[in-house]
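Welcome! Here is a short briefing to help you find your way around a structure you may be seeing for the first time. Take a look at it, then read on.

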Amino acid sequence: MDNNDKEKFLEALLKGDRKGGSAIAKKYVESHSDIKNFYENIIKPSLYKVGEMWEYNIISVAAEHLATAVSESIMNELYEHVISENRSPYKIVLGCIEKEQHQVGVKMIADVFEMHGWDAFFLGANTPNADFIDYIREIEPDLIGLSLSIYSHMPSFEELIKNVRNEFPNKPIIVGGQAFTHGGEELIRAHYNIILLRNLSETEQYIKHFEDEHKR
Amino acid sequence: MNTKDKKIRLIQTAKEIQPFTNETFEEYQLKIPEMVNSLNQLMLNRDDILELAGSSKNIEMMKDNHSNHAYFIASILKNFDAEVLVDTILWVFRAYRSRQFHPNYWAAQLNTWRKVIKEHLSTENTQKIVPLYNWMQINIPAFTELSDEKILKNKSKHKIN
């Protein structure tokens with residue numbers, strides 16, 4: 001069932017068929033009762049395929065952007081399934097670091113936190129490092145989340161980590177994104193309390209671990 | 001040698017490049033805007049630039065590539081990772097070869113980068129960075145071969161009706 005849904009969803013993205021994509025999403029979520037599966041098994045591989053198609057010049061950058069925009073709008077439509085009525089007392093501030101534009105992955109992570117009743121302050125793409133820290137100071141979250149897709153942005157990522165640690169030496173930071181597929185782990189190990197989460201399943205496990213450790 | 005072994009060999013030879021100091025990274029990073037500007041001017045002044053870039057439509061993409069190259073190399077100078085280096089270069093070759101950039105483009109580009117780095121960075125840091133550019137230059141045929149193999153394979157795989 002997943003392969004068929006994946007193909008149809010990808011086709012809808014490439015055609016800019018938001019209505020068709022939305023219908024597939026709603027049907028999938030109703031039959032699987034789990035948005036995370038839809039994110040992990042349908043949206044994520046579809047967008048990876050879209051990226052690959054751009055790489056091989058099968059589609060244009062406009063088509064790639066359209067596919068991403070349609071995916072995000074469908075994720076927004078599913079929001080009633082995301083917000084949990086059982087609220088937890090925890091907050092996370094998360095987003096892409098400065099110059100980083102790929103925000104769909106971290107948006108999924110934000111939604112997973114919301115599904116667990118957290119208040120997730122999702123900052124989206126390309127938040128300047130100084131503004132990110134100002135916002136952390138304002139919100140006083142229990143957790144910070146940083147997303148990085150492009151390896152070239154590692155120096156900026158490291159700068160942000162250092163500045164966050166200067167002011168918040170103990171606050172846990174979760175990180176993720178395609179930049180960590182082949183590297184960056186040494187950099188993470190060099191800093192205190194930074195946790196790499198590679199997918200939604202690891203994110204959920206971490207949430208449960210965090211809540212057990214910080215029971216209120 | 002099969003594709004997987006060719007890639008492993010690239011990673012192994014990349015690991016022989018000496019790690020870089022923070023001082024080298026900082027000077028390179030600081031000078032990126034002026035280096036990219038110099039590189040663009042030199043490349044655009046070439047008589048054969050349209051042949052190298054594939055078409056006039058690709059000139060803006062080429063300029064983006066020059067900027068992306070500089071920021072990527074800076075990240076490699078800061079946190080050297082042989083696998084990331086090889087994977088990223090292969091991705092660049094695939095993306096740009098798919099759009100008809102000529103394999104000679106990289107030879108021309110990297111030669112010009114050497115000139116620009118020598119002009120803008122200290123002698124000491126230039127000498128530290130040169131082995132990385134040597135390695136990239138020597139392996140252009142390997143990058144071209146590996147990327148072309150994948151491009152041909154994927155052209156038939158992805159068809160949109």
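The points below go from the overall picture of chain A to its sheet, its inner strands and its contacts with chain B.

Please keep in mind that this is a predicted model. Chain A is built from nine helices and five strands, and its five strands come together in one open, parallel sheet.

**Overall picture of chain A**

- Following the sequence, you meet the elements of chain A in the pattern α-α-α-α-β-α-β-α-β-α-β-α-β-α.
- The C-alpha trace of chain A spans about 45 × 40 × 25 Å along its principal axes.
- A compact globule of 216 residues would have a radius of gyration near 17 Å, and chain A agrees with this because its own value is 17 Å.
- Of the 216 residues in chain A, 34% are buried.
- Among the contacts in chain A with a separation of 6 or more, 72% are between residues 24 or more positions apart.

**The sheet**

- To trace the sheet of chain A from one side to the other, follow the strand order β2-β1-β3-β4-β5.
- The edges belong to β2 (119-122) and β5 (194-196) of chain A; each has a single partner strand, so one side of each is left without a neighbour in the sheet.
- From one strand to the next, the twist averages 20 degrees.
- Helix α6 (residues 129-139) of chain A lies across β1 (91-96), β2 and β3 (143-147) of chain A. Relative to β1(A), this helix runs at about 170 degrees.

**Strand β3 and its partners**

- How many residues of β3(A) are buried? Five of the five are, so β3(A) is largely enclosed by the rest of the structure.
- In a regular strand, side chains alternate between the two faces of the sheet. Both faces of β3(A) are covered, with buried A:Leu143, A:Gly145 and A:Ser147 on one side and buried A:Ile144 and A:Leu146 on the other.
- β1(A) and β3(A) run parallel and are joined by five bridges. Here A:Val93 stands opposite A:Ile144 of β3(A).
- β3(A) also pairs with β4(A), again in the parallel sense, over four bridges. In this pairing you can find A:Gly145 with its bridge partner A:Ile174 in β4(A).
- To get from β3(A) to β4(A), the chain passes through α7(A), and this β-α-β crossover is right-handed.

**Strand β4 and the edge strand β5**

- Strand β4 of chain A covers residues 173-176 and pairs with β5(A) in the parallel sense over three bridges.
- Two residue pairs help you locate this pairing: A:Ile173 has A:Ile194 of β5(A) as its bridge partner, and A:Val175 stands opposite A:Leu196 in β5(A).
- Which residues of β4(A) point one way, and which the other way? A:Ile173 and A:Val175 point one way, A:Ile174 and A:Gly176 point the other way, and all are buried.

**Where chain A meets chain B**

- In chain A, 13 residues are in contact with 23 residues of chain B.
- Two helices of chain A, α3 (35-55) and α7 (154-167), each supply at least two residues of the side that touches chain B.
- That side of chain A is made up of eight nonpolar residues, four polar and one charged.
- Helix α7(A) is worth finding in both settings: it carries the chain across from β3(A) to β4(A), and it supplies residues to the side of chain A that touches chain B.

Technical notes
Residues are numbered from 1 along each chain as its sequence is written. Chains are lettered from A and ligands numbered from 1 in the order in which they are written. This is a predicted model: local features need pLDDT of at least 70, side-chain atom pairs count only at pLDDT 80 or more; totals for chains, interfaces and linings use all residues. Two strands pair if DSSP finds at least two bridges between them. Axes are lines fitted to C-alpha atoms, for helices over the stretch in contact, and angles run from 0 to 180 degrees between N-to-C directions. Two residues are in contact if their C-beta atoms, placed from the backbone, lie within 7 Å. Ala, Val, Leu, Ile, Met, Phe, Trp, Tyr, Cys and Pro count as nonpolar, Asp, Glu, Lys and Arg as charged, and the others, Gly among them, as polar. The radius of gyration is taken over C-alpha atoms; the globule rule is 2.2 Å times the number of residues to the power 0.38. A residue is buried if 20 or more other C-beta atoms lie within 10 Å of its own, exposed if 12 or fewer, and partly exposed in between; C-beta atoms are placed from the backbone. A crossover is right-handed if, with the strands pointing away from the viewer, the path from the first strand over the helix to the second runs clockwise.
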